[in-house]
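New to this one? Have a look at the chain first, and then we can talk it through.

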Amino acid sequence: MKAILLSAGRGSRLLPLTESRPKCLLPVQETTLLGYQLNTLEAAGIRDVTVVTGFLPDLVEAELAGRSGPLKGSPFFNPFFQVADNLASCWMVRERMDDDFLLINGDTLFKLDLIEKVIAAPAAPILVTIDQKESYDLDDMKVTLSGTSLTAIGKTLLPSETDAESIGILRFKGSGPMFFRSKLEQMMRTQDGVQAWFLKAINAIASTEGGVETVLIKGHRWAEVDTVADFEGLKKNGF
């Protein structure tokens, strides 16, 4: 299994921390956010990772070039990162979705036991990693479930429709990569495709073809780094 990291964004809500470096290169422990992700994936046995870059790509490429060890990180520059959302980033690297793979947001940190649980979860074409909490805010990527199957995903779901949140880690296996690539192609041909999140494609698949399952990682440590407060809270979350 390989992985694709969506790390093109600058992280404007993290300014001034991201004035001269992309979000994925913010310091975490003795490395960076990207380095932490790659180290954890390497420990989980992943050897092939594509990193989609955008803002200050040379810095990210230098980070990848300076790594040693069995995991090989390959940069893929998205020149449209300032005007397109992450569905377009996924579409650009669709040719690398030719086998089982993990798709991970570049601002999601996770511990080894969490990613091992995702990799080892029961087979499903598309698997969305979810967590649960007492309440959800406007920025959470909320999900609706039927048992363990995902039936809807989006930030605008009502409280009555919300059963959990997506943490930004998905696994595609078997026919899943083909389904996802096909939906990316279809959506990028629409007027709003460039401005869409890739999870809009997951929502479309769940509501038509089905086959979108979830794995609950409640109790496992993870963090999303969107704001300065998120970054300052990393130590409290065990990172």
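Below are some questions and answers about this predicted model.

Q: How many of the 11 residues of helix α1 (residues 33-43) are buried?
A: The buried residues of α1 include L33, L34, G35 and Y36, and further along Q37, L38, T40, L41 and E42. That leaves α1 largely enclosed by the rest of the structure, so the count of buried residues out of 11 is 9.

Q: Which residue just after α1 takes a positive phi?
A: Look at the spot just after α1. The phi there is about 100 degrees, and the residue that takes it is G45.

Q: At roughly what angle do the axes of α1 and helix α2 (residues 57-65) cross?
A: Two packed helices are described by the angle between their axes and the distance between the axes. For α1 and α2, the axes come within 11 Å, and the crossing is right-handed. The angle of that crossing is roughly 35 degrees.

Q: Which residues of α2 make the contact with α1?
A: By class, the contact of α1 with α2 has 4 nonpolar, 1 polar and 1 charged residues. On the α1 side you'll find L34, G35 and L38. Their partners in α2 are V60, E63 and L64.

Q: Why do the buried residues of α4 line one face of the helix?
A: Helix α4 covers residues 112-120, and its buried residues are L114, I115 and V118. An α-helix has 3.6 residues a turn, so residues three or four places apart point the same way. Seen down the axis of α4, the buried residues line one face because they fall within an arc of 90 degrees.

Q: Are α5 and α6 roughly parallel or roughly perpendicular to each other?
A: Helix α5 takes in residues 176-188 and helix α6 residues 198-207, and their axes come within 10 Å. The axes cross at roughly 110 degrees, and angles of 65 to 115 count as roughly perpendicular. So α5 and α6 are roughly perpendicular.

Q: How many nonpolar residues are in the contact of α5 with α6?
A: α5 passes α6 in a right-handed crossing. From α5 come F179, F180, K183 and M187, which meet F198, K200, A201, I202, A204 and I205 in α6. Sorted by class, the contact has no polar residues and 2 charged ones, while the nonpolar residues number 8.

Q: Is K142 buried or exposed?
A: You'll find K142 in strand β9 (residues 142-146). Its contacts, leaving aside neighbours within four places in sequence, include Y136, D137, I153, G154, L157 and E165. Buried means under 20% relative accessible area. At 5% relative accessibility, K142 is therefore buried.

Q: What separates the C-alpha atoms of K142 and A152?
A: K142 is in contact with A152, and the two are 10 residues apart along the chain. In space, their C-alpha atoms are separated by 8.3 Å.

Q: What is the relative accessible area of S7?
A: S7 is in the loop between β1 (2-6) and β2 (27-28). Not counting residues up to four places away in sequence, S7 touches C24, V51, V52, T53, G54 and G106. S7 counts as buried, because its relative accessible area is 4%.

Q: What is the relative accessible area of N78?
A: The loop between β5 (72-77) and α3 (86-92) is the place of N78. Beyond residues up to four places away in sequence, N78 touches V52, T53, G54, S89 and M92. N78 is buried, and its relative accessible area is 1%.

Note on methods: Residues numbered from 1 in each chain as written. Predicted model: local features only at pLDDT ≥ 70, side-chain atom pairs only at ≥ 80, totals over all residues. Heavy atoms only, no water. Helix = DSSP H or I, 4+ residues; strand = E, 2+ residues; numbered from the N terminus. Buried < 20%, exposed > 50% of the residue type's maximum accessible area, 1.4 Å probe, protein only. Contact = heavy atoms within 4.5 Å. Arc of directions from axis to C-beta. Axes fitted to C-alpha atoms, helices over the stretch in contact; angles between N-to-C directions. Parallel < 35°, antiparallel > 145°, perpendicular 65-115°, else oblique. Left-handed = near helix turned anticlockwise from the far one by under 90°. Nonpolar A, V, L, I, M, F, W, Y, C, P; charged D, E, K, R; others polar.
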